[in-house]
Amino acid sequence: MAPNQSATGRTDYFGFETSTTDNGVLTVTFNRPETMNASTAPMKRDLVELLTQAQMDDDVRVLVFTGQGRAFWAGDDLKGYEHTQTAATAPIFGGHHNASGTYNGLRTISQAVNTAVRHLDKLTIAAINGFAIQTGFSFALACDFRIAARSARMGSATLRFGLLPDEGGQWLLTQHMGVAKAMDFMMRKRIVDADAACELGLVHEVVEDDQLPAAAAALASELAEGPQVAMRMLKRSIHLAAQLTWDQSLDEIASKTAITDHLPDAAEGVSSFVEKRQPQYNAWLR
């Protein structure tokens, strides 16, 4: 496909562009480097639309997110609140002018982005090429995998502006780090480099800057060739496991296994093992 075209057919997204490979990897590149890819309402609304389309599109198996320039996604564009219209949506009137507007705006737009990426069945990779701050940092934490360029910097740091991590950053950090480390990280407004982020468990891997695209592509291809139905069910099960009791988690995984054990991918997995060959999953997608 053309560099700025996704499986959705749109080429007019605000704040990012897309490309899709033949093996079902959809790459989303934030493309406002002059603002360090800071987000606005149109970008968030378009991201939710893209994620909705990707969820329903069998041609999309894995999503990779990255940025142009020095940033992955450096928080919200504090000068861009007035821009509320995209090429595909009508403008939204009102906003953060009062308490009710702030509450509604967060629940309807800002928080909807991280909710959409966490609810996505398809696996997601944040290829963090530079600064991932505040909203961008939380978005990366909401993805399933995070690979960081060595020069990347990331953190919440909303208290530097007297603001809160209102897109769910406090929950995501606590999930990744635990209460004590999350308290220190947010209250002391920490912005850490890639190696420190890896030590804290915030990213899975750190690579040299020029190796980031290849590392993200290799991981995406690996995930795209795996048994998609089982992987998507496992993703959901892992998220639920953090909130369920032992007995509830056993019942939950058993109900999913009752489906996956009887799919063609399971038969192919067993056959390929016995025949000592690489499995060829996802016949239903081919």
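**Salt bridges, strands and cores in a predicted model**

Let me begin with one pair of residues: the side chains of D76 and K44 meet in a salt bridge, with 3.0 Å from N to O, where a salt bridge is a side-chain nitrogen of Lys or Arg within 4 Å of a carboxyl oxygen of Asp or Glu. This pair links distant parts of the chain, since D76 sits in the loop between β4 (71-74) and α2 (99-119), while K44 belongs to helix α1 (residues 41-56), 32 residues apart; helices (H or I, at least four residues) and strands (E, at least two) are DSSP runs, numbered from the N terminus. Both D76 and K44 are buried, and buried means under 20% relative accessible area, exposed over 50%, and partly exposed in between, with a 1.4 Å probe and protein chains only.

Before going on, I should say that this is a predicted model, in which local features need pLDDT of at least 70 and side-chain atom pairs count only at pLDDT 80 or more, whereas totals for chains, interfaces and linings use all residues. Residues are numbered from 1 along each chain as its sequence is written, and side-chain values use heavy atoms, with hydrogens and water left out.

How many salt bridges does a search of the whole structure find? The search finds 10. Another of these joins K235 and D144, at 2.9 Å from N to O, and this pair too links distant parts of the chain, with K235 in helix α8 (residues 228-241) and D144 in the loop between α3 (135-142) and β7 (145-149), 91 residues apart. Both K235 and D144 are buried.

Let us turn to β7 itself, where 4 of the 5 residues are buried. Strand β5 (residues 123-128) pairs with β7 in the parallel sense over 4 bridges, pairing being assigned if DSSP finds at least two bridges between two strands, and here A126 stands opposite R146 in β7. Strand β10 (residues 205-207) also pairs with β7 in the parallel sense, over 3 bridges, and A149 has V207 in β10 as its bridge partner.

Finally, the cores: a nonpolar core is a set of buried Ala, Val, Leu, Ile, Met, Phe, Trp, Tyr and Cys residues joined through side-chain atoms within 4.5 Å. The largest has 43 residues, of which F30, F65, F72, I128 and M154 touch the most other members. Apart from this core lies another, of 17 residues, among them V64, L123, A149 and L219. As general background, nonpolar side chains tend to be buried together in soluble globular proteins.
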